[in-house]
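Below is a short briefing on one chain. Look at the fold first, then use the points that follow as a guide.

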Amino acid sequence: MLLKPIMEKIKVYSNSTLYVSKIISVLLAPFFKIINSFRPLYGLYSFTVQNIVIGGAAGAFPPIIGHICATGSIGVEALILFLIIFLWTPPHFWALALVNKSDYRAANIPMLPIIYGDMATRKNIFIYSLLLMPCAYLPWILNYSGNFYMIVVTLLNIVFIRRSIYVLKENKD
């Protein structure tokens, strides 16, 4: 079997597994209890113009959960990844929403360009792109990555900001 050699190398300590599962339970159970008390608001994702921001937070949680599972604690590295993903998601999806407005309108999903127009969406894309830029450097600033990361992030930031400026300056509405 392909997995057998890999699985033989992985050591699982029952105490550490129990410890991590208790931490996850202690941290997440109250969170889900609170969320469950707002069950009628679950539909917010499809009923609010902030749906992409809500989805961005949900989509940014895996690094935190993974870090907790691997180390038993919430690390700064995981929080930085959460922040980067959280700030990247809205401008990315709002750009797609600008292109696919008719689909969202037909599905009756209140995306930002449908409710507040293209210009408000373009401004938000630009603002979130500016907020993302310094956060993307945090792994390098805090010594979690090397110079190669810094070079790649700089190039990607330049492309992302340039494109957000291009979108901001478009005259379509």
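Helix 11 buries Val153, Asn157, Ile161, Ser164 and Val167. These buried residues pack against helix 6 (76-99) and helix 9 (118-136). The model is predicted.

**Helix 11**
- Helix 11 covers residues 147-169, which makes 23 residues.
- At 1.5 Å a residue, helix 11 should span 33 Å, and its end C-alpha atoms are 33 Å apart, so expectation and model agree.

**Asn157**
- Asn157 belongs to helix 11.
- Its relative accessibility is 7%, under the 20% cut-off, so Asn157 counts as buried.
- Beyond its neighbours within four places in sequence, Asn157 is in contact with Met133, Ala136 and Tyr137.
- A polar atom of the Asn157 side chain lies 3.4 Å from the backbone oxygen of Met133.
- Leu130 is 27 residues away from Asn157 along the chain, yet their C-alpha atoms are separated by 9.0 Å.

**His67**
- His67 sits in helix 5, residues 62-71.
- With a relative accessibility of 18%, His67 is under the 20% cut-off and therefore counts as buried.
- The His67 side chain reaches the backbone oxygen of Ser73 at 2.9 Å.
- Ser73 is also among the contacts of His67 outside its neighbours within four places in sequence.
- The others in that set are Gly72, Ile74, Gly75, Glu77 and Ala78.

**Chain as a whole**
- The chain holds 11 helices and zero strands.
- From the N terminus on, the order of elements is α-α-α-α-α-α-α-α-α-α-α.
- The chain has 173 residues, of which 28% count as buried.
- Of the contacts between residues at least 6 apart in sequence, 64% join residues at least 24 apart.
- The exposed area is about 11700 Å², with carbon and sulfur atoms supplying 70% of it.

**Confidence**
- The average pLDDT of the chain is 81.
- A score of at least 70 is reached by 72% of the residues.
- Over residues 1-7, pLDDT stays under 50.
- For residues 1-7, the model shows zero contacts beyond four places in sequence.
- Predicted coordinates should not be read in detail where pLDDT is low.

Key:
Residues are numbered from 1 along each chain as its sequence is written. This is a predicted model: local features need pLDDT of at least 70, side-chain atom pairs count only at pLDDT 80 or more; totals for chains, interfaces and linings use all residues. Side-chain values use heavy atoms; hydrogens and water are left out. pLDDT is the predictor's confidence in each residue, from 0 to 100. Contact means heavy atoms within 4.5 Å. Helices (H or I, at least four residues) and strands (E, at least two) are DSSP runs, numbered from the N terminus. Buried means under 20% relative accessible area, exposed over 50%, partly exposed in between (1.4 Å probe, protein chains only). Accessible areas come from the Shrake-Rupley method with a 1.4 Å probe; for residues, only the protein chains shown count as cover. The expected span of a helix is 1.5 Å times one less than its number of residues. A polar contact is a pair of N or O atoms within 3.5 Å; within protein, one must be able to donate a hydrogen and the other to accept it, and residues adjacent in sequence count only if both atoms are side-chain atoms.
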